[in-house]
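Trainee: I have a new structure to read, and I would like to learn how to follow its strands and helices. Could you take me through one part of it?

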Amino acid sequence: MARVGYDTKMWSVLAESEGPLSLAQIAEKTNFDPLLLKRFLRYYQSFRMLSQPGDDAYVANNVTKALAGPDGVAVEYFTTVLQKPFEAVPRYLKSHNYDNPTNPSDSPWQEGYETKLHPFAWLQSNAEHFELFMQWVHLSRAGLPMWFDVFPFDQIVGKGSDKDTILFVDVGSALGHQSIALRQRFPDLLGRIIIQDTAQVIGAVQPSHDIESQIYDFFTPQPVRGARAYYLRNIVHDWADEQVVMILKNQITAMSEDSVILLDDMVLPEKDSPWRATQLDMTMLAALAAMERSETQWHALLEKAGLEIVKIWKYTEECDDSIVVAKPKKVA
Ligand SMILES: C[S@@+](CC[C@H](N)C(=O)[O-])C[C@H]1O[C@@H](n2cnc3c(N)ncnc32)[C@H](O)[C@@H]1O
């Protein structure tokens, strides 16, 4: 239903209006049959997706405005890319004895899309879906605090850097939106910033902000040695423990005394998780046979990779997004 409002630009029509609109006005602007529109407006009002101050008066509320904004693309992403895996979850779980899925090549994604391909490989051969995925990873936390609003990157990682310092390696960066945001936040901080992703993603990067890009498969040893920070955002939650351990060990091989790993992901509390975080956990289940982790699970996972957690910096209440600062465990 949200997608219908998105396709007809109804959210923008309402959000851009100075005051309430009548049914006839909305019908004209969205090309909707008035009888059908009345049913949709009634539905949207009952789900608090808009407000109805009078019998024939409809006005945008905060939900309408969110759907009308650039991050409204989430509606298109969920209904185009994730609908099939979500629908497949119950029958997949029934046929797999309700075991926790950990194989990304045998998950609700493959059941929904009737494919044997890993989701990332499938996305890369489906241009429309791939484009939506890239937009969504960029916009999925729009409006929330950024990680460097809480984690003092310039003091902890950037201190004393010069132009040759390898400051920040953004591993599995997508198009590099976090690296760009970091440069914009600290324009005077000297040092190299390098983004890394698969060939298809790096091929779509528009060079900007003095950011270098590199094709790199994180299941192989990290080629950039001695960086101050290896940053992985929403990477750990894409994979089961076994693969995460491989990815992290590949980063450790390149680390020097001064290096840290920064893991930017959700760290869930043991109770009272926020609904956005649990929803994303189910998305990880459906799309990638992967998961969000609680603090206890994070400690156990990093221990397996030979890392210890120096500190966890939580930066959103809505999703429990956090920067997990990790270093190789000291050998006694
Ligand atoms: C969930 S997205 C996260 C992107 C970005 N870090 C962010 O937070 O928006 C996962 C990224 O991992 C990349 N990726 C998947 N497999 C990879 C691999 N083997 N080596 C490097 N990057 C990979 C994907 O192309 C995608 O850009």
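Trainee: Which residues does UniProt list for "domain: O-methyltransferase C-terminal"?

Mentor: The UniProt record, an unreviewed entry, gives residues 168-307 for that domain. Keep in mind that the model on display is predicted. In it, residues 168-307 are 36% helix and 23% strand, and the C-alpha atoms at the two ends of the span lie 19 Å apart.

Trainee: Why is strand 3 described as largely enclosed by the rest of the structure?

Mentor: Burial is judged by counting neighbours: a residue is buried if 20 or more other C-beta atoms lie within 10 Å of its own. Strand 3 covers residues 166-171, and six of its six residues are buried, so the rest of the structure largely encloses this strand.

Trainee: Which strands pair with strand 3, and in what sense, parallel or antiparallel?

Mentor: Pairing is read from bridges, and at least two are needed between two strands. Strand 3 runs parallel to strand 4, residues 192-197, with five bridges joining them. One pair to look for is Val171 with its bridge partner Gln196 in strand 4. Strand 3 also pairs with strand 6, residues 229-233, in the parallel sense over three bridges. There, Phe168 has Ala229 as its bridge partner.

Trainee: What kind of unit do strand 3, helix 11 and strand 4 make?

Mentor: For a crossover, follow the path from one strand over the helix to the next. Strand 3, helix 11 (residues 177-185) and strand 4 form a β-α-β unit, and it is right-handed.

Trainee: How many residues of strand 7 are buried?

Mentor: Eight of the nine residues in strand 7, residues 260-268, are buried, so to read it by the same neighbour count, this strand is mostly covered. Strand 7 runs parallel to strand 6, and five bridges join the two. Leu232 stands opposite Leu263 of strand 7. Between strand 6 and strand 7 the chain passes through helix 13, residues 241-252, in a right-handed β-α-β crossover.

Trainee: Which strand runs antiparallel to strand 7?

Mentor: Strand 10, residues 321-328, runs antiparallel to strand 7, with six bridges between them. Leu262 and Val325 of strand 10 are bridge partners.

Trainee: Where does strand 8 fit in?

Mentor: Strand 8, residues 293-294, pairs with strand 7 in the parallel sense over two bridges. Leu268 stands opposite Ser294 in strand 8. Helix 14, residues 275-288, completes a right-handed β-α-β unit with strand 7 and strand 8.

Notes
Residues numbered from 1 in each chain as written. Predicted model: local features only at pLDDT ≥ 70, side-chain atom pairs only at ≥ 80, totals over all residues. UniProt positions renumbered as here; feature names shortened; annotations may be inferred. Helix = DSSP H or I, 4+ residues; strand = E, 2+ residues; numbered from the N terminus. Buried ≥ 20, exposed ≤ 12 C-beta atoms within 10 Å, placed from the backbone. Right-handed = clockwise from strand over helix to strand, strands pointing away.
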